[in-house]
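Trainee: I have one structure to show you. Please give me a close look at a single part of it, and put that part in its setting.

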Amino acid sequence: MKRILPLLALLALPAAGALPQPADYVFDYGAAFTVAGYAGSSALSGFPVLVRIAENSPVGFSYSDLTMSTDGGDLAFIDMDGNGIPFEIDTWDPSGTSLVWVRLPTMTNGTQFAMCWGSETAGKTVCGDNPFADYKGVWHMESASPADASGSGNAGTASGSAAVAAGKFGNALSLPDSSSSVSCGTSQSNAELKDAFTVEAWVDPASYSGNRTVFGKDAFISLRTASATQIQVTTPGEKDHNMTVSELPSTGNWWHLALTF
């Protein structure tokens, strides 16, 4: 599963003299971002947003200005009071676009935060813990053995004809037949999955024939498409529930599927 929430736009603003600096650290460069596109009426807590970085995007950014390393080591993200915000580099590409997940403590439409770079200080020193530390599992599907970005130890192992392919964000895994799957560890017991939880993924179905499982654990719980107009959910240890929809998105397109139990 590529763990991400519905798309939001981030508007990059040129760095200004009033841009905050994290306490006790000095960075040579900075740029502010403003969240746009969130239509909800309440603030979201601990929301991970995706920041795309490329040469002169945000305006004034250059990979060559990273002074500590070539892999984004001196990047830092802060709120507008200068407090560090946890982040994770998903994809680092000095010749193209890099992808970084930044977990905002609170977010509404218009929330601002800043990126700083050009320092001898490691960004993680400023920003602290893993942004996905309280998740049971987060997989970016960057390889046939996707790491668990949550730190829960549920590293993935692909089987069958699974292969790395271009995804909605960075890489994805292509699972072309019924023998192809990704096993993502067993550290969570069935008992733990009886509590409230959310499962989500970006998927690009090639077909809706038969059952196409997005997520499952043994026969205990699953989320799958059952046809072009039906989603099937197996609730923990109980039964299958078939939900009819007018239609699912056409095949060959990425779409976001989420289940909250």
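What follows is one request and one long reply.

Trainee: Take the loop that holds Gly-118, please. Where does Gly-118 sit, which residues does Gly-118 touch, and is Gly-118 buried or exposed?

Mentor: Remember that this is a predicted model. Start with Gly-118. Its place is the loop between strand E7, residues 112–117, and helix H1, residues 123–127. Gly-118 is buried, because its relative accessibility is 0% and the cut-off for buried is under 20%.

Now look at the company it keeps. Leave aside residues up to four places away in sequence. Gly-118 then touches Val-26, Phe-27, Asp-28 and Tyr-29, and also Asp-65, Thr-67 and Asp-74. Find Ser-64 as well. Gly-118 and Ser-64 are 54 residues apart in sequence, yet their C-alpha atoms are 9.1 Å apart in space.

Follow one of those contacts back. Tyr-29 is among the residues that Gly-118 touches, and strand E2 covers 29–36. The loop between strand E1 (9–13) and E2 holds Ala-23. Ala-23 is exposed, because its relative accessible area is 57% and exposed means over 50%. So Gly-118 is buried at 0%, while Ala-23 is exposed at 57%. Ala-23 has a distant partner in sequence too. Ala-23 and Asp-81 are 58 residues apart along the chain and 9.5 Å apart from C-alpha to C-alpha.

Next, the loop between E3 (44–53) and E4 (76–79). Pro-58 lies there. The peptide bond joining Ser-57 and Pro-58 is cis, with omega about 10°. Asn-56 is found in that loop between E3 and E4 as well. Asn-56 is not a glycine, yet its phi is positive, about 65°. Asn-56 counts as partly exposed, because its relative accessibility is 47%, and partly exposed runs between 20% and 50%.

Go past H1. Met-141 is in the loop between H1 and strand E8, residues 157–159. Its phi is near 55°, again a positive value in a residue other than glycine. Met-141 is buried, because its relative accessible area is 10%. Set it beside Asn-56: Met-141 is buried, whereas Asn-56 is partly exposed.

Then comes a hairpin. Strand E9 (163–166) and strand E10 (171–174) run antiparallel, joined by four bridges. Ala-163 stands opposite Ser-174 in E10. Four residues lie between the two strands, and Gly-170 in the turn has a positive phi of about 70°.

Step back to the whole protein. It has one helix and 17 strands. Its radius of gyration is 20 Å, close to the 18 Å that the globule rule gives for 261 residues, so it is as compact as a globular protein of that length. Along the principal axes, the C-alpha trace spans about 60 × 40 × 35 Å.

Now the contacts. Count those with a separation of 6 or more: 62% of them join residues 24 or more positions apart. The contact between Gly-118 and Val-26 is one to look at in that light.

Last, burial, surface and charge. Buried residues make up 43% of the 261 residues, and Gly-118 is one of the buried ones. The protein exposes about 12,600 Å², with carbon and sulfur atoms supplying 51% of it. It carries 12 positive and 25 negative charges, and their mean positions are 12 Å apart.

Conventions:
Residues numbered from 1 in each chain as written. Predicted model: local features only at pLDDT ≥ 70, side-chain atom pairs only at ≥ 80, totals over all residues. Heavy atoms only, no water. Rg over C-alpha atoms; globule rule 2.2 N^0.38 Å. Buried < 20%, exposed > 50% of the residue type's maximum accessible area, 1.4 Å probe, protein only. Contact = heavy atoms within 4.5 Å. Areas by Shrake-Rupley, 256 points an atom, 1.4 Å probe, with all protein chains shown as cover. Lys, Arg positive; Asp, Glu negative; His and termini not counted. Charge placed at Lys NZ, Arg CZ, Asp CG, Glu CD. Pairing = 2+ DSSP bridges.
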